[in-house]
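Colleague: Could you take me through one part of this model in some detail? I'd like a close look at a single helix and whatever sits around it.

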Amino acid sequence: MEREGTRMADRAVVEPGAARGARGRTPAPAEAWLAQHRGELTGYCYRMLGSAFEAEDAVQETLLRAWDRYDRFNETRGTLRAWLYAIATNICLDMLRGRQRRARPVDLGPATHAGEPLGAPLAEDTWIEPIPDRSVLPAEGDPAELAAQRESIRLAFVAALQHLPPRQRAILILREVLCWKAAEVAELLGITVVAVNSALQRARATLVARGVCSAARPRPVDGAQQDLLARYAAAFERHDVDALVALLHEDATMSMPPLAWWLRGRAQIHQALLGSDLPCKGSRLVPVAANGSSAFAQYTPTGPGGALAPWALVVVEVTDGRIAGWTSFLDADRLFPLFGLPLEPTP
């Protein structure tokens with residue numbers, strides 16, 4: 001599959017125009033053509049919405065509308081891919097209208113201190129949610145392009161995108177992440193190229209102010225990082241707090257959505273892990289892939305000597321050879337099925 005801007009040449013599926021069906025019915029070749037775009041559309045909608053569940057809803061609605069309106073698609077005016085993105089963009093903009101932005105705990109307020117009450121959980125639509133890599137990233141492809149795609153679904157980057165007005169957000173994703181041409185974005189949104197370029201400049205400035213670069217250099221996962229993550233998991237499972245904290249940056253963070261509570265600094269994390277009732281001791285961490293990052297499914301004992309049960313989806317950020325922080329998403333009942341995880345870890 002080869003891409004130039006929004007052009008994509010597919011060698012396995014018949015062009016839609018070659019098998020147009022009756023009004024309201026999509027022929028089988030077109031159905032396959034629509035389905036092959038599900039992954040990239042999910043990635044686009046996830047970056048727009050910050051929620052894996054809402055992204056899936058948006059993509060499902062996109063494909064349903066495309067199915068219903070297929071007889072109106074005119075291939076002489078553009079590619080099917082561009083048409084699908086236009087539908088998805090309108091759906092996302094409608095979903096975002098009047099909503100508060102999703103965020104991470106570290107974006108909502110100052111760090112708390114070890115020993116302070118955890119507080120009540122906030123509504124699920126408060127938070128940036130994790131997404132499985134397999135839902136949005138191709139299984140294979142150019143290594144450099146795949147690395148760049150992983151960077152664009154990092155929690156920090158997706159959270160920074162939420163600070164952009166929805167229209168700017170769409171423009172930045174289409175131009176910087178998906179590499180569309182300015183003229184193509186202008187046509188999709190019904191605006192001028194000048195307006196696209198102006199919005200892109202403002203969006204870039206906002207990301208820079210948030211300390212995020214839209215063209216961040218991909219970080220390879222090498223043997224040293226794999227070893228670091230293995231030591232992190234082993235220390236976590238042993239509840240060896242000293243060994244775990246030794247792997248952290250001095251200003252590392254720890255958070256647990258849907259709680260607004262979060263910590264910054266090795267000393268605070270050390271104190272919290274030693275002196276709290278956090279369910280770490282006896283945990284089992286199972287590696288998964290989430291948000292272009294290393295991640296683990298955390299299972300914890302239901303009681304002394306009890307069976308292991310789902311507790312959290314833990315996304316770990318690594319920078320410069322140390323753990324920069326981890327986010328434990330506690331909504332295991334929703335997230336474990338999303339990631340295809342069993343209710344009990346395999347022996």
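Modeller: Here is a walk through helix 2 and its surroundings, with a few side trips afterwards.

Keep in mind that this is a predicted model. For the setting, the chain has 15 helices and eight strands. Of its 347 residues, 48% count as buried. If you take the contacts between residues at least 6 apart in sequence, 64% of them join residues at least 24 apart.

Now to helix 2 itself, which covers residues 38-49. Is its length what you'd expect for a helix? What you'd want from twelve residues at 1.5 Å each is a span of 16 Å, and the end C-alpha atoms are indeed 16 Å apart, so the two agree.

How enclosed is helix 2? Nine of its twelve residues are buried, so the rest of the structure largely encloses it. The buried ones are L41, T42, G43, Y44, C45, Y46, R47, M48 and L49. As for what does the covering, the list includes helix 3 (52-68), helix 4 (80-96), helix 6 (133-136), helix 7 (143-151), helix 8 (155-161) and helix 9 (166-177). Just after helix 2 comes G50, with a positive phi of about 75°.

One residue of helix 2 deserves a stop: C45, which is buried with a relative accessible area of 0%. Why is C45 not in a disulfide? The closest cysteine sulfur belongs to C92, and at 3.6 Å from the sulfur of C45 it is too far for a bond, because a disulfide needs the two sulfur atoms within 2.5 Å. The count for the structure is zero disulfides.

Helix 9 is one of the covering elements, and the relation shows up from its side too: what covers the buried residues of helix 9 includes helix 2, helix 4, helix 7, helix 8, helix 10 (182-189) and helix 11 (193-209). Those buried residues are Q168, R169, A170, I171, L172, I173, L174 and V177. The span of helix 9 checks out as well: its twelve residues should cover 16 Å, and the end C-alpha atoms are 15 Å apart, which agrees. After helix 9 comes C179, with a positive phi near 65°. C45 is buried at 0% relative accessibility, whereas C179 comes out at 48% and counts as partly exposed.

Next, a couple of spots described on their own. E116 lies in the loop between helix 5 (105-108) and helix 6; helix 6 is among the elements covering the buried residues of helix 2. E116 is partly exposed, at a relative accessible area of 35%. The C-alpha atoms of E116 and W261 are separated by 8.7 Å, although the two residues are 145 apart along the chain.

Last, the empty space. A search of the whole structure turns up two cavities of 30 Å³ or more. The second largest has a volume of about 40 Å³. Its lining is made up of A235, F236, H239, D240, V241, L244, L273 and C280. Helix 12 (223-238) and helix 13 (241-245) are the elements that each give two or more residues to that lining. By type, the lining residues of this cavity split into six nonpolar, one polar and one charged.

Technical notes: Residues are numbered from 1 along each chain as its sequence is written. This is a predicted model: local features need pLDDT of at least 70, side-chain atom pairs count only at pLDDT 80 or more; totals for chains, interfaces and linings use all residues. Side-chain values use heavy atoms; hydrogens and water are left out. On a 1 Å grid over the protein atoms alone, a cavity is a set of points where a 1.4 Å probe fits but cannot get out, and a pocket is an open set with protein on both sides within 12 Å along at least five of seven lines; lining residues have an atom within 4 Å of a point. Grid points are joined across faces, edges and corners, and a volume is the space filled by probe spheres set on the points. Helices (H or I, at least four residues) and strands (E, at least two) are DSSP runs, numbered from the N terminus. Ala, Val, Leu, Ile, Met, Phe, Trp, Tyr, Cys and Pro count as nonpolar, Asp, Glu, Lys and Arg as charged, and the others, Gly among them, as polar. Buried means under 20% relative accessible area, exposed over 50%, partly exposed in between (1.4 Å probe, protein chains only). The expected span of a helix is 1.5 Å times one less than its number of residues. Contact means heavy atoms within 4.5 Å.
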